[in-house]
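Hi,

Here is the structure I promised to pass on. Have a look at it first, and then read my notes below.

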Amino acid sequence: MASKKMHQLLVVACACALGALALMTWQLFNPRAFPIIVAMSVGQVLGTASFAAYGLVLLADYRAMRRAARRAGYRSSEDPPPPDGSADATGE
Amino acid sequence: MTFPTQPLAILALCLAALAAAILVTYLVTRPPLVRATKLWLLLGLGILPIGAAFAGNVQGFEATKEREFCGSCHVMALHAKDSDDLTSNSLAARHARNAYFGQDNCYACHADYGMFGTLVTKAGGMRHVWLYLTEYHSTPLDEAKKTIRLRAPEKMNANCMQCHSTEDSLWLKVPDHRSSLDDARAGRVSCASAGCHGLAHPFFQGGG
């Protein structure tokens, strides 16, 4: 359901998350000032951005699915009634 | 670079490895975005990295209390080296040999205390980072050891008194303690002065 752009965004998000994980683990192997500061700033920003991108993709996918469902609903309401003339209780 | 052995660090590494495995699998196979893929990505981009970040940050904050961390800026190297020296008689080195907090002796003596002590100390640490990046990064060690000063030397006695309360009867039996009690409590006389317990660091210049 997701468009090509959304797939590309997910790929970028995965790459960013891998970078964030690398920075976060670097501070564990080398607990000095620079790695810790980088992990707690750049690492956090990259990780948060990648999770936000994932949320954006999910939202876009959900909206696309709803749009598609609505379109399918319109199409079915435009269809002619069955030949025996029967309709359900709501009249749809 | 050493392999971390602390439980939190190992937990962070395991969570990060699992997340990385999921992400690499996604990048290699590029599956369609169906419900199962979304759930795997929720793990790989959300739950596992958040867990790794949480455990890693707690471990990182603990690491910032250690002398190895403080000594990783070159201008602090001499202070850290003095604390590592088992034969040194400086006040810092003697505290470094304490079995309870010896590895964290920089933090134990320089940290602010109280409810928000850790936060205040970490915020102060960011000032140190800023000063290091803007002023001291390329300062030669010989020059740095002459120019680095305590920002608020009058507050140092308060930190000493977190452990040495000045209320203990044995402490009050020392004549010099009794005679300078008010001045020591008010920070007018430094515990770490040449006439009392000696300079905290052999290179310390004193003053503000």
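What follows is a tour of what I found, going from chain A to chain B and then to the places where they meet. Before you start, keep in mind that this is a predicted model.

**Chain A**

Chain A has two helices and zero strands. It has 92 residues, and 27% of them count as buried. If you take the contacts in chain A with a separation of 6 or more, 67% of them are between residues 24 or more positions apart.

**Chain B and its two domains**

The domain assignment splits chain B into domain 1, covering 7–63, and domain 2, covering 67–186. Taken over C-alpha atoms, the centres of domain 1 and domain 2 of chain B are 38 Å apart.

Now zoom in on α1(B) and α2(B). How do their axes cross? They come within 8 Å of each other, at an angle of roughly 155°. An angle over 145 degrees counts as roughly antiparallel, so that is the label for α1(B) and α2(B). The crossing of α1(B) past α2(B) is left-handed.

If you want to colour this contact in your viewer, the residues on the α1(B) side include B:L8, B:L15, B:I22 and B:Y26. On the α2(B) side, look for B:W40, B:L48, B:P49 and B:V58, among others. By class, the contact of α1(B) with α2(B) has 19 nonpolar, four polar and no charged residues.

**Where the two chains meet**

How many residues does each chain bring to the contact? Chain B gives 30 and chain A gives 29. On the chain B side, α1 (7–29), α2 (35–63) and α3 (67–70) each supply at least two residues. The largest share of that side, 12 residues, comes from α2(B). Sorted by class, the side of chain B that touches chain A has 21 nonpolar, seven polar and two charged residues.

Helix α1 of chain A (residues 4–29) is a good one to follow here, starting with its partner α1(B). The axes of α1(A) and α1(B) come within 10 Å and cross at roughly 155°, and these two helices are therefore roughly antiparallel to each other. Their crossing is left-handed. From α1(A), the residues in this contact include A:V11, A:C14, A:L18 and A:T25. From α1(B), they include B:A9, B:L13, B:A20 and B:L27. The contact of α1(A) with α1(B) has 16 nonpolar, one polar and no charged residues.

Then there is α1(A) with α2(B). Their axes also come within 10 Å, but the crossing angle is roughly 20°. That makes α1(A) roughly parallel to α2(B), because angles under 35 degrees get that name. The crossing of α1(A) and α2(B) is left-handed. Here A:A13, A:A20, A:M24 and A:Q27 are among the residues of α1(A) that take part, and they meet a set in α2(B) that includes B:L45, B:A53, B:G56 and B:G60. The residues of this contact divide into 10 nonpolar, four polar and no charged.

**The start of chain B**

Is B:M1 buried or exposed? It is exposed, with 8 other C-beta atoms within 10 Å. B:M1 is in the segment before α1 of chain B. Leaving out residues up to four places away in sequence, B:M1 touches A:F29 and A:N30. B:M1 and B:T87 are 86 residues apart along the chain, and their C-alpha atoms are separated by 27 Å.

**Two backbone angles to check**

Most residues other than glycine have a negative phi, which is why I would like you to see the next two.

The first is B:R30, with a positive phi near 45°. You will find B:R30 in the loop between α1 and α2 of chain B. B:R30 is exposed, because 12 other C-beta atoms lie within 10 Å and 12 or fewer is the cut-off.

The other is B:T166, where phi is positive too, near 65°. B:T166 lies in the loop between α9 (156–163) and α10 (169–172) of chain B. With 14 C-beta neighbours inside 10 Å, B:T166 counts as partly exposed.

Have fun with it!

How values were computed
Residues numbered from 1 in each chain as written. Chains lettered and ligands numbered in written order. Predicted model: local features only at pLDDT ≥ 70, side-chain atom pairs only at ≥ 80, totals over all residues. Contact = placed C-beta atoms within 7 Å. Helix = DSSP H or I, 4+ residues; strand = E, 2+ residues; numbered from the N terminus. Nonpolar A, V, L, I, M, F, W, Y, C, P; charged D, E, K, R; others polar. Buried ≥ 20, exposed ≤ 12 C-beta atoms within 10 Å, placed from the backbone. Axes fitted to C-alpha atoms, helices over the stretch in contact; angles between N-to-C directions. Parallel < 35°, antiparallel > 145°, perpendicular 65-115°, else oblique. Left-handed = near helix turned anticlockwise from the far one by under 90°. Domains from an automatic or database assignment.
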